[in-house]
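Work through the exercises below with the structure open beside you. Try each task before you read its solution.

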Amino acid sequence: MQWLWAIIVGFVLGLIARAILPGKQHQPLWLTTLFGIAGAILGNAVSGWIGVEDTRGIDWTRHLLQLVGAVLVVGLGDMAYKALRGGRSHTA
C-alpha cells in the first residue's frame, strides 16, 4: 500500500511542480511522476536533516520541502530529458 501512496503523492507533486515551473515541460507524465516521487524523497530527507520530519498535526514544513524538492527535480529532470532527446519535441 505504501507504493501506491508513493505513486499518488509523486503524481500530484509532479503535476504541481510542472504548474509552478514557467514554460512547457517536455517529459512524459510517467517521468513527471517519477520525478515527483524523487522530489518527495528529497524533501523528506531535508526535513529529517533539519529536525521537522515528525511533528504533531499536519507536517506543513515537510510538505513544503517535498514540493520544493519536486520543483527542483522536475526542473532539472526536464532539462536532462530535453538534452537526452536532443531538443526534439515529444508527441504523446
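**Exercise 1: a glycine and its neighbours**

Leaving out residues up to four places away in sequence, Gly14 touches Thr32, Gly36 and Val74. Keep in mind that this is a predicted model.

Task: Which helix holds Gly14, and is Gly14 buried or exposed?

Solution.
- Step 1. Locate the residue: Gly14 is part of helix 1.
- Step 2. Check its accessibility. The relative accessible area of Gly14 is 0%.
- Step 3. Apply the cut-off: buried means under 20%. Gly14 is therefore buried.
- Step 4. Compare with a residue further along the chain. Gln25 is 11 residues from Gly14, and their C-alpha atoms are 11 Å apart.

**Exercise 2: two helices that cross**

Task: How are helix 1 and helix 2 oriented relative to each other?

Solution.
- Step 1. Find the helices: helix 1 covers residues 2-20 and helix 2 covers residues 29-50.
- Step 2. Look at the axes. They come within 7 Å and cross at roughly 100°.
- Step 3. Angles from 65 to 115 degrees count as roughly perpendicular. Helix 1 and helix 2 are therefore roughly perpendicular to each other.
- Step 4. Look at who meets whom. Helix 1 contributes residues including Ala6, Gly10 and Gly14, while helix 2 contributes residues including Thr32, Gly36 and Ala40.
- Step 5. Sort this contact by class: 9 residues are nonpolar, 5 polar and 1 charged.

**Exercise 3: the span of helix 2**

Task: What span should the 22 residues of helix 2 have at 1.5 Å a residue?

Solution.
- Step 1. Take one less than the number of residues, times 1.5 Å. The expected span of helix 2 is 32 Å.
- Step 2. Check the model: the end C-alpha atoms of helix 2 are 31 Å apart, which agrees.
- Step 3. See what comes next. Gly51 follows helix 2 and has a positive phi, near 85°.

**Exercise 4: what covers helix 2**

Task: What covers the buried residues of helix 2?

Solution.
- Step 1. List some buried residues. Among them in helix 2 are Phe35, Gly39, Ala40 and Gly43.
- Step 2. Name the cover: it includes helix 1 and helix 3 (60-85).
- Step 3. Pick a residue of helix 3, such as Gln66. Leaving out residues up to four places away in sequence, Gln66 touches Leu13, Gly39, Ala40, Gly43 and Asn44.
- Step 4. Check Gln66 itself. Its relative accessibility is 7%, so Gln66 counts as buried.

**Exercise 5: a charged pair**

Task: Which residue forms a salt bridge with Asp59?

Solution.
- Step 1. The partner is Arg62, and the closest N and O atoms are 3.1 Å apart.
- Step 2. Check burial: both Asp59 and Arg62 are buried.
- Step 3. Check the count, which comes to 1 salt bridge.

Definitions and conventions:
Residues numbered from 1 in each chain as written. Predicted model: local features only at pLDDT ≥ 70, side-chain atom pairs only at ≥ 80, totals over all residues. Heavy atoms only, no water. Axes fitted to C-alpha atoms, helices over the stretch in contact; angles between N-to-C directions. Helix = DSSP H or I, 4+ residues; strand = E, 2+ residues; numbered from the N terminus. Parallel < 35°, antiparallel > 145°, perpendicular 65-115°, else oblique. Contact = heavy atoms within 4.5 Å. Nonpolar A, V, L, I, M, F, W, Y, C, P; charged D, E, K, R; others polar. Buried < 20%, exposed > 50% of the residue type's maximum accessible area, 1.4 Å probe, protein only. Salt bridge = Lys/Arg side-chain N within 4 Å of Asp/Glu carboxyl O.
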